[in-house]
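Me: Could you take a close look at one sheet in this model for me, strand by strand? Once that part is clear, I would like to see how other parts of the chain are built, with the residues named so that I can follow along.

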Amino acid sequence: MNKLTFTKSFIAMAVLGTISSSSFAERFVIQVDNVNKGIITALSQQLGGEVVLDADGFIAVEFDGQSLDGLKGILKNPHIKLIEIDQKRKLLSLFNDDAGNPAVTQLTPYAVYQSQANQVTFNHSAGIKVCIIDSGLDQSNTDFNRTNSNITGTNDSGTGNWFEHGGPHGTHVAGTIGAADNTFGVIGMAPGVAMHIIKVFEETGWAYSSTLANAADICASKGAHIISMSLGGGSPSNAEENAFNNFVSGGGLVVAAAGNDANAARSYPAGYSSVVMVGANDADNNIADFSQYPSCLITVGRGRNRQTVHDETVCVELTAGGVDTLSTYPAQLGNTTNLIAGGSSYDSAAMENMGSASGSTYFMGTAEATDSGASGKICMIDRGAVSFHDKVLNCENSGGLGAVIINNEPGMLYGTLGTANATSIPTVGAALADRTLLLAATSVSIDVLVSDYGYMSGTSMATPAVSGVAALVWSNFPSCTGEDVRAALKETALDGGEPGNDDKFGYGIVQAKDAHAYLMANGCADVVDPDVEFTLSANGVTKGKQRVNLSWLGTSSNVDIYRDGSLIASQVEGLSYSDKSISKGSATYVYQVCETGTDTCTNESTVIFQ
């Protein structure tokens, strides 16, 4: 009774501290034990908050016109463990373009060959399941018509049915992971793998860190082995990180996109140590120009114990094909193109206008003005000087039937005619490498057709490639843990960029066959992260009982722990230890960790208490 009276009184006082609403709402995560959640929910509502998510160990609450500091000032209760901003998460893809015609035959995307996925057989009987947190999977694409019904999902009241798309992004991601091996469409990295779909995005919206934390718990409850997330945002969340840590502690693997801003910013959830951060490379094993590359150097410790260390788990660990990646789309939302010049077929990329056209060619240069010579012909146009839209409009106003715009720099031309498109003739982009042959052709035919397949680019596309390869390899070694598979993929990755581990490629391009061979030779229990030095960090803690927390990397063996040259603990399992046997007060201690029974030891690490 006393507790109830106190709570009601506190709510009454707290209401007086509320501030007036403004035109915007901020969303917060409040961590609280489940048994006390009702109290905090009621308190939040009394303060004008709307509880938008009730999950294991936390609630997400939306407040109008409230800042984090302001909320902490008025929402004080001993049951609250932590209040933090509910960080926004967004989809991470750059642009969408289409090529080829997978409607007539099954195509293998280049990333499948590049990652050796075509050289390993997926073992369906292992029961590996991938949980995809994205914009849903539209089952109108027939590549997902399965007789064994091993695709399931979780509905969300805010985003609708998981099997109806919130934009093509999630369907594209799912195809890269597990599109069926049949006679049409595309083939995924782990063809036919079981999938659980959690729809957290609509086409123009975003998700929150609390949504992802709750989704991780759902993935675990549905028996998923792998979580794949082609999404991210700029700030960390404690609740979100805890959820992914728990999933990995349970034996799972979490994979997320590095981001597409071509800078060194760290995106989350990819930036958490428990999550594999994935960058994107192109078909020529070059890093994608948009792929983010946060540093592996981080600062740890406090005061005199503050030091900079190399932590490969907070930066790019692996890459995969993520440039111009062919995969599944919701039915009739993709585009495919055909470009035939002088009887030969060339790669091309569609712009907005659908249709077909054929005829004699006419070179319009950069097409900065109308030209009567283009009437009744296909306009061959160089990139530059004016917008793509104005080029096509000048071709159409000259009587042109269609347009081919050729890049003026290496690579395929991916373009758009803009939101205020006033043109209607079919238009495609073409590569600079094909310019000479295209301009030499006397006739050209163009097709820009609706399709169930299409291209996208981004670390969003590389992420499901790594997730799919992980599922493929894991299916052949079901006794492994997610961390075993993670280490094997890094050990066998194809080195890219600077020799060894680097910020852009991490360990390199994921290689399925080599990872399979590595696990075949070494098994799961002895897998150790590659090229990780056996290193020790030690941090002194003075709050409460004085102690030293030790952590180390680079071994899977039990270890012996030494303080000032004397053994203080032996046969220690894991990668951390807390020395609580030291005396309180000023002192200096030197620690070292050695693999039990050997002379393989870490560096010495010194801790000073003053």
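Reply: Strand β33, which covers residues 587–595, pairs with β34 in the antiparallel sense, and 5 bridges join the two. All of this is read from a predicted model. Within that pairing, V590 has T606 of β34 as its bridge partner, which gives you a fixed point from which to trace the two strands. The pair belongs to an open sheet of 4 strands, whose order is β31-β30-β33-β34 and whose pairing is antiparallel. At its edges lie β31 (566–572) and β34 (605–609), each of which pairs on one side only. From one strand to the next, the twist averages 20 degrees. As general background, the strands of a sheet pair through backbone hydrogen bonds, either parallel or antiparallel.

A parallel pairing can be found elsewhere in the chain, where strand β8 (residues 151–154) and strand β9 (residues 194–199) are joined by 4 bridges. Here I151 has M195 of β9 as its bridge partner. Between the two strands the chain passes through helix α5 (residues 169–178), and the resulting β-α-β crossover is left-handed.

M195 also leads into the packing of the interior, since M195 is one of the residues that touch the most other members of the largest nonpolar core, a set of 56 residues; I132, V193, I226, V473 and L489 are the others named with it. Helix α10 (residues 459–474) gives the most to this core, contributing 10 residues. If you centre your view on I132 and set aside its neighbours within four places in sequence, you will find it in contact with V173, A174, I177, M195, H196, I197, I198 and S228. Another core, of 35 residues, lies apart from the largest one and includes F58, F201, A239 and A256. In soluble globular proteins generally, nonpolar side chains tend to be buried together.

A charged residue is also worth a look, namely D382, which sits in strand β23 (residues 378–382). D382 counts as buried because its relative accessibility is 14%, and the cut-off for buried is under 20%. Not counting residues up to four places away in sequence, D382 touches F363, G365, T366, K391, I406 and R435. The C-alpha atom of D382 is separated by 10.0 Å from that of G429, a residue 47 residues apart from it along the chain.

Notes: Residues numbered from 1 in each chain as written. Predicted model: local features only at pLDDT ≥ 70, side-chain atom pairs only at ≥ 80, totals over all residues. Heavy atoms only, no water. Pairing = 2+ DSSP bridges. Axes fitted to C-alpha atoms, helices over the stretch in contact; angles between N-to-C directions. Right-handed = clockwise from strand over helix to strand, strands pointing away. Buried < 20%, exposed > 50% of the residue type's maximum accessible area, 1.4 Å probe, protein only. Contact = heavy atoms within 4.5 Å. Core = buried A, V, L, I, M, F, W, Y, C linked by side-chain atoms within 4.5 Å.
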